[in-house]
Amino acid sequence: DELWRMHERRRERLVGVTRQRLARQLQQRGALLSDLSVADEVLDPEALTIGLARRFATYKRATLIMHDPDRLDRILNNPDRPVQIIFSGKAHPKDDPGKAMIQKIIDLSQQERFRNRIVFLENYDISTARYMVQGVDIWLNTPRRPNEASGTSGMKVIYNGGLNASILDGWWDEGYAPTVGWAIGNGEEYDQQEWDLQD
């Protein structure tokens, strides 16, 4: 009970920090003061919180969970079991497909049905990582096998009372156990055109 209460406090802290940073992001983009109230309404401190933060390289497939937006809508906006996702990360300045993935997340987060359930935090750094690995309930990792070198953020999540949902690649290929999370797939590899749909 004590460990769970600590985890809940850390999730509440993550939501608070996310709201502050989102307000700063909106302000830097020239949002009106009246529009900044949006940041105060995002996320629910009591909802199941998924974290996904990484370098936005295409093989990491950060937008895989958005493959079917209607299904995602049903998951995130379930009135009995609400879910929310916090994204963060950076793309290499010359990686246009990586930057396009970030833009897709931001565009989706601005749709009415996802506005309070999806947030993208800019300027991912050690401080952001700390709040995320301490506060999320589930760390999501969706690389295309066998390209994930390690994926160490998921390791840190476990020590902070969170679980992992990941492709069986990198450390998760060896570290997966049903007591600490979920495996996406069974370690198989597909023709690349089918792969995203299958996962």
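Select arginine 61 and aspartate 199 to begin: these two residues form a salt bridge in which the closest N and O atoms are 2.7 Å apart. The pair connects distant parts of the chain, with arginine 61 in the loop between S1 and H3 and aspartate 199 in the segment after helix H8 (192–198), 138 residues apart. Colour the two by accessibility. Arginine 61 has 3% relative accessibility and counts as buried, whereas aspartate 199, at 26%, counts as partly exposed. The model on display is a predicted one.

**The whole chain**

Zoom out and switch to a cartoon view. The protein holds eight helices and six strands. Followed along the sequence, these elements give the pattern α-α-β-α-β-α-β-α-β-α-β-α-β-α. Along the principal axes, the C-alpha atoms fill a box of roughly 50 × 45 × 35 Å. The radius of gyration is 16 Å, which agrees with the value near 16 Å for a compact globule of 199 residues. Of the 199 residues, 45% count as buried. When contacts between residues at least 6 apart in sequence are considered, 67% join residues at least 24 apart.

**Further salt bridges**

Side chains of opposite charge can pair when their charged atoms come close. In this protein the count of salt bridges comes to nine.

Select arginine 11 and aspartate 137 next. Their side chains meet in a salt bridge, with an N to O distance of 3.0 Å. Arginine 11 lies in helix H1 (residues 2–28), and aspartate 137 lies in the loop between helix H5 (126–135) and strand S4 (138–141), so the pair ties together parts that are 126 residues apart in sequence. Are these two partners buried or exposed? Arginine 11 is buried, with a relative accessible area of 4%, and aspartate 137 is buried as well, with 8%.

Move on to lysine 60, which precedes the arginine 61 of the opening view. The side chain of lysine 60 meets that of glutamate 148 in a salt bridge of 3.2 Å, N to O. Lysine 60 is in the loop between strand S1 (48–55) and helix H3 (69–76), while glutamate 148 is in the loop between S4 and helix H6 (153–159), so this pair ties together parts that are 88 residues apart in sequence. Lysine 60 counts as buried at 9% relative accessibility, and glutamate 148 counts as buried at 7%.

**The largest pocket**

Now display the surface and select Ile65, Arg71, Ile75, Leu140 and Asp199. The largest pocket holds about 620 Å³ of space. It has 21 lining residues, and the five just selected are the closest to its centre. Asp199 is thus met again here, having appeared earlier as the salt-bridge partner of arginine 61.

To see which elements form the wall, colour by secondary structure. S1, H3, strand S2 (83–90), S4, strand S6 (181–184) and H8 each supply at least two lining residues of the largest pocket. H3 gives the most, with four residues. How many residues of this lining are nonpolar, polar and charged? The division is 15 nonpolar, two polar and four charged.

**The second largest pocket**

Select Ala53, Arg54, Gly151, Thr152 and Ser153. These residues lie nearest the centre of the second largest pocket, which is lined by 20 residues. Its volume is about 320 Å³. At least two residues of the lining come from each of S1, H5, S4 and H6. Which element provides the largest share of this lining? That element is H5, with four residues. By class, the lining of the second largest pocket has eight nonpolar, six polar and six charged residues.

**The enclosed cavity**

The last stop returns to the starting pair. A search of the whole structure finds one cavity of 30 Å³ or more. The largest cavity has a volume of about 40 Å³. To view its wall, select Arg61, Pro143, Arg145, Ile167, Ile184, Gly187, Glu188, Trp195 and Asp199, which line it. By class, this lining has four nonpolar, one polar and four charged residues. Arg61 and Asp199, both in the cavity lining, are the partners of the salt bridge with which the tour opened. Asp199 also belongs to the residues closest to the centre of the largest pocket.

Terms used:
Residues numbered from 1 in each chain as written. Predicted model: local features only at pLDDT ≥ 70, side-chain atom pairs only at ≥ 80, totals over all residues. Heavy atoms only, no water. Salt bridge = Lys/Arg side-chain N within 4 Å of Asp/Glu carboxyl O. Buried < 20%, exposed > 50% of the residue type's maximum accessible area, 1.4 Å probe, protein only. 1 Å grid on protein atoms, 1.4 Å probe; cavity = no way out; pocket = protein on both sides within 12 Å on 5 of 7 lines; lining within 4 Å. Points joined across faces, edges and corners; volume = space filled by probe spheres on them. Nonpolar A, V, L, I, M, F, W, Y, C, P; charged D, E, K, R; others polar. Rg over C-alpha atoms; globule rule 2.2 N^0.38 Å. Contact = heavy atoms within 4.5 Å.
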